[in-house]
Amino acid sequence: MPGIEKLPIEETLEDSPQTRSLLGVFEEDATAISSYSHQLFQAMQRIYDAENELSAATHLTSKLLKDYEKQRFPLGGDDEVMNSTLQQFAKVIDELSSWHAVLSTQLADAMMFPITQFKERDLKEILTLKEVFQIASSDHDMAINRYSRLSKKRDNEKVKSEVMEDVYTSRKKQHQTMMHYFTALNTLQYKKKVALLEPLLGYMQAQISFFKLGSENLTQQWEDFLNNIGTSVQNVRREMEGEVDIMQQTIQDLEQASDLLYMPDPDPNKIPIDRTLTRKAGYLNMRNKTSLVTSTWDRQYFFTQGGNLMSQCRGDVAGGLVMDLDNCSVMAVDCEDRRFCFQITSFDGKKVAVLQAESRKDCEEWIATINNISKRIYLSENPEEIAARVNQSALEAVTPSPSFQQRQESLRSSTQSRPKSVRASSQSSLGSESPALSSLSLDSLVAPETPIQFDIISPVSEEHSGQAKGATQGRTNPFGESGNSQSQDGEDSILHQLFIVRFLGSMEVKATENTDVIYDTMRQILAARAIHNIFRMTESHLLVTCECLKLIDPQTQVTRLRFPLSSVVLCASHQENKRLFGFVLQTAGGKVDGRPITVCYIFESNNDGEKICDSVGLAKQIAFHSEMDRRATEKQKELDKAKEKQQEELTKQKQIEKDLEEQSRLIAASSWANPTAADGQFLVLSNSQSEDSDAGEEGRKKGESEA
């Protein structure tokens, strides 16, 4: 009969909250059917027990049939047909309520037996299956919790095998019990109609056969009506049997197809990983921090809806929003002592969710799905095809090099054999590009055939290897001080700012004119980490001073890397995920194709990346002003020195003039004291003799002064 909803047996293995909610509706309907059937059974029991009360019993039956339309069955798909049919029955029974003779045998066989069978066999079967299903579901939850708590550090194969076998057994038991339970509830919708109609039909036939008066009063119209009802009951029974056969066949097919899915961590060779998904649903464990050092894990049903990640607990009618996945970032992480964990960070970096999947396949599919949703591929017409093309192009475009030695060899070989022609531009499939970047070729930003470096080693440390040998022997505190007394780098700096950062990767770049090169490097490094499963990051302390940038080991306080501030040419944070930032470093030694080698370093910080970039900019400004002040001071010193020298010359000249005046006075005094001649007359010198004498005297004084 049309309009009957069914429980989806195909979804029993997934056991989603939606299926549980629908199951709750069917269970509520079964409870209502049981309650109503019990009342109808009591009414018919009264007919069977006492002929004297037949009139009252038939009147009550008629009343209950009339009240059927007032019942609110959750699955009342064909209530209009049932209402009209039962209303006609109620009318006939009410008319027959004045007839008093009933053969108890006919009533027992035709009326009481069907309703008793339905009550004692079918309804009790539902209750028994419900209890068995609840026990199987509880055992499965306990097995899953035990499996989730398996330690990856202390991997006991025997315990692991026992736990996985327990999960397999409990999941198979729950799946089989749930399928049979769903079949019984679906069948109940047909048995309900049979249990309601067949006793009434038997009752009417008993009345017709027993009461001649009744048979005479029953017209051909009522007989046709009863024949139609009998035909309808047979049709419902045949439809029920056909539906039962289909459901049984579905159960067998699902049991065969789902055998591999019972294992919590299936073999990826048998069930390949699908990286083209744009929608996914399933159970995950979500970490909830209860304090600074403790956390709990809650198992919930997660599903994607458009660009949102939703979660739903059992018993909830609808799911709740967990996070907006547009422009988010996702990566696998090592979390506590749990396997298959991954972390989702919102586009603004303010919300972080750590989730645990059941298997590596499930974990990687969740990461790929969230990556595809983050790029808004789900909004296109063919999201699966675009996701497959994006994943393939990302695999072909990114070539990670997880060690510095491989990076040096690749740089050396690429420098010797690098072609002069520019390779064809490739489209970036790792996110939405900015308008400025869309007009540039990828080769104009990133050097061709450039490997990606994921470790903390950098060519900058080689430039300062002589200094690092002495500097790294001592311990360096977060303010740049070292155990070596000769290493005073940053000691007198007026700016000391410390940030906690994690190194994501670095690669050689070509363009340094704008920040698009940093954004493109971020996309390539994050895509490479996700595709090649490189998830471990090195945490360091970034010390910003007016002379340099330092990466310090937080455990040993040893300086890992030192970047001279003068070599930092660009610094920028991600436009959407503010926790990501990077800077471009121009190395001092070595040139490729007539240009200096420039490397872009990408980090993730606990703070806002813009604050770190502002700190680097402030350091460069302070360094610039300090340099200008130093130059002005040196110039002023030179001016002061020249002025002092000029003053010394003036003082010296004045001293010479003073000496000349003193000698002139002495000469004048000696001339006045000259003795007279013997004859009592003065000796008068001629003009020429006086001039010669003055000239000789001046020459003598001048020689003495110069001496």
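Here are some friendly questions and answers about helix α2, the cysteines and a few strands.

This is a predicted model, where local features need pLDDT of at least 70, side-chain atom pairs count only at pLDDT 80 or more, and totals for chains, interfaces and linings use all residues. Residues are numbered from 1 along each chain as its sequence is written, and side-chain values use heavy atoms, with hydrogens and water left out.

User: Which residues of α2 are buried?
Analyst: Happy to help! Buried means under 20% relative accessible area, with exposed over 50% and partly exposed in between (1.4 Å probe, protein chains only). The helix itself is a DSSP run (H or I, at least four residues; strands are E, at least two), numbered from the N terminus. The buried residues of α2 are L54, A57, T58, T61, S62, L64 and L65.

User: Why are they on the same side of α2?
Analyst: An α-helix has 3.6 residues a turn, so residues three or four places apart point the same way. The arc is taken from the directions from the helix axis to the C-beta atoms. The buried residues of α2 are on the same side because they cover an arc of only 160 degrees around the axis.

User: How many disulfides are there?
Analyst: A disulfide is a pair of cysteine sulfur atoms within 2.5 Å. The sulfur of C363 is too far for a bond, because the closest cysteine sulfur, in C341, is 7.6 Å away. For C546, the closest is in C548 at 9.9 Å, also too far for a bond. The count comes to zero.

User: In β3, which residue is the bridge partner of F302?
Analyst: Strands pair if DSSP finds at least two bridges between them. Five bridges join β2 (residues 295–305) to β3, and these strands run antiparallel. The partner of F302 is S311.
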